[in-house]
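The following exchange sets computed values against the criteria behind each term. Please consult the structure while reading.

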Amino acid sequence: FARGVLDVGEPLATPAIRQLKKWAIPTDGPEGGVVILDAPPGTSCPVVEAVRGADYLLLVTEPTPFGLHDLRLAAGVARELGIPAGVIINQDGIGDAGVDEFCASVGLPILLRIPFERAIAEGIAQGQTLVEVRPEYRPRFRAMVAEIIRQVRS
């Protein structure tokens with residue numbers, strides 16, 4: 001794990017992200033490793049810098065009008081950069097069908113749905129991971145990763 005920290009008043013996150021990517025993504029050595037970069041929400045310059053050069057984007061959204069708005073923007077970044085993408089719908093069951101309809105219309109696969117459940121929210125609030133709260137999600141995450149690898153290699 002690596003993270004970049006900006007001092008108060010430092011205006012540019014992009015150079016810090018660029019340096020972190022140099023440290024995290026080896027340019028030599030054995031291939032086949034997986035590097036996961038967690039980008040900030042939105043479509044600002046730091047997001048574009050974080051995802052530039054990625055093999056795949058995993059877009060996490062909620063099925064609400066606000067989630068759909070941000071998903072459209074993020075999907076646009078993926079399209080402009082030529083990076084394949086898939087979607088996780090968090091808090092599935094709230095909102096409406098707008099996210100599903102958008103994903104279908106642009107060919108974005110929905111790889112995983114995480115339901116809106118009080119037990120999940122309480123566990124996350126207490127510092128637990130989703131698979132600690134709901135162990136049945138462990139094989140779902142493995143299947144999702146396998147699908148992403150399949151999409152990247154095809």
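**Helix 7, a charge over a ring, and the sheet**

Q: How does the span of helix 7 in this predicted model stand against the expected one?
A: Helix 7 comprises 17 residues, 137-153, and its first and last C-alpha lie 24 Å apart. The expected value at 1.5 Å a residue is 24 Å, and the span is close to that.

Q: Which residues of helix 7 are called buried, and what makes them so?
A: They are Y137, M144, I148 and Q151. The term requires a relative accessible area under 20%.

Q: Why are these buried residues placed on the same side of helix 7?
A: Because they cover an arc of only 65° around the axis, they fall on the same side of helix 7. R142 and R153, on the other side, are exposed; that term requires over 50%.

Q: What makes R140 count as a charge over the ring of Y137?
A: The charged end of R140 sits over that ring, 4.3 Å from its centre. The distance limit is 6 Å, so the value meets it.

Q: How many aromatic pairs does a search of the whole structure find?
A: The search finds zero.

Q: Why are strand 1 and strand 3 said to stand at the edges of the sheet?
A: The open sheet has three strands in the order 1-2-3, with parallel pairing. Strand 1 (57-61) and strand 3 (110-115) each have a single partner strand, so one side of each lacks a neighbour in the sheet.

Q: Why are strand 2 and strand 3 called paired?
A: Pairing requires at least two bridges, and five join strand 2 (residues 85-92) to strand 3, so the criterion is met. N90 stands opposite I114 in strand 3.

Methods:
Residues are numbered from 1 along each chain as its sequence is written. This is a predicted model: local features need pLDDT of at least 70, side-chain atom pairs count only at pLDDT 80 or more; totals for chains, interfaces and linings use all residues. Side-chain values use heavy atoms; hydrogens and water are left out. Rings of Phe, Tyr and Trp (its six-membered ring) pair if their centres lie within 6.5 Å; planes under 30 degrees apart count as stacked, over 60 as edge-to-face and the rest as tilted. A charge sits over a ring if NZ of Lys or CZ of Arg is within 6 Å of the ring centre and within 35 degrees of the ring normal. Helices (H or I, at least four residues) and strands (E, at least two) are DSSP runs, numbered from the N terminus. The expected span of a helix is 1.5 Å times one less than its number of residues. Buried means under 20% relative accessible area, exposed over 50%, partly exposed in between (1.4 Å probe, protein chains only). The arc is that of the directions from the helix axis to the C-beta atoms.
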